[in-house]
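Here are a few short exercises to work through with the model open on your screen. Try each task before you read its solution.

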Amino acid sequence: MFSHNKRLQYTVRVSESNPGLANLLLEQFGGPQGELAAATRYFTQALGETDPGRKDMLMDIATEELSHLEVIGTIVAMLNKGSKSRLSEAVDSEAEMYRRISGAGNDSHVTQVLYGGGPPLTNSAGVPWTAAYVDTIGEPTADLRSNVAAEARAKIIYERLISCTDDPGVKEALGFLMTREVAHQQSFEKALYAIQPNFPPGKLPGMERFSNVYFNMSQGEGDERGSWNSDENFEYVSDWEQQCAVDGGSGLPEVALQADEKSLVAQTMQRTRSDPQQDPMTGAMLGAGGGNGIAPTKSVRR
Ligand code: MN
Ligand code: MN
């Protein structure tokens, strides 16, 4: 069950109305790296988890993310509070209203006019939240890696948002939310390493002869060597020939077809066969004039 405590996880102190900043902060309310995405990610993972330690951790963190959603949503509401009422009570002149909701790079007209000051479940560009932000696959060694990356991305968005404001109370609360993502990243990584072995993800081992091969497929000036492709860690393959048909086969696709399928394939090939002897007149050629960059071919040369 869930219960709700009216006190926030971190006190929200906003020093003045700022609809533009509110709009930017929506990135962490209904955006891909935001708190709703985090809360639903961990909540659904917790429901499906059978390991008691991970289930407990995921439920703790999911519930904390929901508390962050409340904090960030409350900051948005506080930043919009004055502006929302000015608009709903229609107290400003048209010019003043425009200046306030979309002046000086303050791009908040969608959230102000369409969502009445929100907070709506959109990102800062007004894109609606989607469950597609959650990439859970139901295998802890893969999901925990994704969770580590999700926390890293959330941390970075908070860092950027902190640079967008001088409001000390907002800066402080964002700093707290950012810090919690650092803490979560550590828990998820610890939980990943608590599974042994955890690499490669899943149960099946890789094909041994390809597991530690590095194909140097982008060649030319700029080829770099490091631990990620070193001779110590990988077999480094630059020869194009050795990159083709690495199984030792022909490299050409084949499929075994039934007799009736074979004859239908032949029929389709015959019907759609191209004739290399043809040099047909085309619409582009008919319309081509001089100096337009289209070289006339033999049939229209004048
Ligand atoms: Mn969070
Ligand atoms: Mn987090």
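**Exercise 1.** Work out what share of the 302 residues of the chain counts as buried.

*Solution.* Start with the cut-off: a residue is buried when its relative accessible area is under 20%. In this predicted model, 32% of the 302 residues pass that test. Next, look at the surface itself: the chain exposes about 19500 Å² of accessible area, and carbon and sulfur atoms hold 55% of that.

**Exercise 2.** List the elements of the chain, then decide: is the chain spread out or a compact globule?

*Solution.* Count first: you should get twelve helices and two strands. Reading from the N terminus, the order is α-α-α-α-α-α-α-α-α-β-β-α-α-α. Now for the overall shape: the globule rule gives 19 Å for 302 residues, but the radius of gyration is 29 Å, well over that, so the chain is more spread out than a compact globule. Along the principal axes, the C-alpha trace spans about 80 × 65 × 50 Å.

**Exercise 3.** Find which residues hold the manganese ion (ligand 2).

*Solution.* Pick out the protein donors: Glu 65, Glu 151 and Glu 181 give OE atoms, with Glu 151 listed twice, and His 184 gives ND1. These atoms lie 2.0 to 2.4 Å from the ion. Write the spacing in sequence and you get E-x85-E-x29-E-x2-H. Then place two of the donors: Glu 151 is in helix α7 (residues 140-162) and Glu 181 in helix α8 (residues 168-193), 30 residues apart. Both Glu 151 and Glu 181 are buried. Last step, check for a neighbour: the manganese ion (ligand 1) is 3.7 Å from ligand 2, and Glu 65 coordinates both.

Key:
Residues numbered from 1 in each chain as written. Chains lettered and ligands numbered in written order. Predicted model: local features only at pLDDT ≥ 70, side-chain atom pairs only at ≥ 80, totals over all residues. Heavy atoms only, no water. Donors = N, O, S within 2.8 Å, 3.2 Å for Na, K, Ca; no water. Helix = DSSP H or I, 4+ residues; strand = E, 2+ residues; numbered from the N terminus. Buried < 20%, exposed > 50% of the residue type's maximum accessible area, 1.4 Å probe, protein only. Rg over C-alpha atoms; globule rule 2.2 N^0.38 Å. Areas by Shrake-Rupley, 256 points an atom, 1.4 Å probe, with all protein chains shown as cover.
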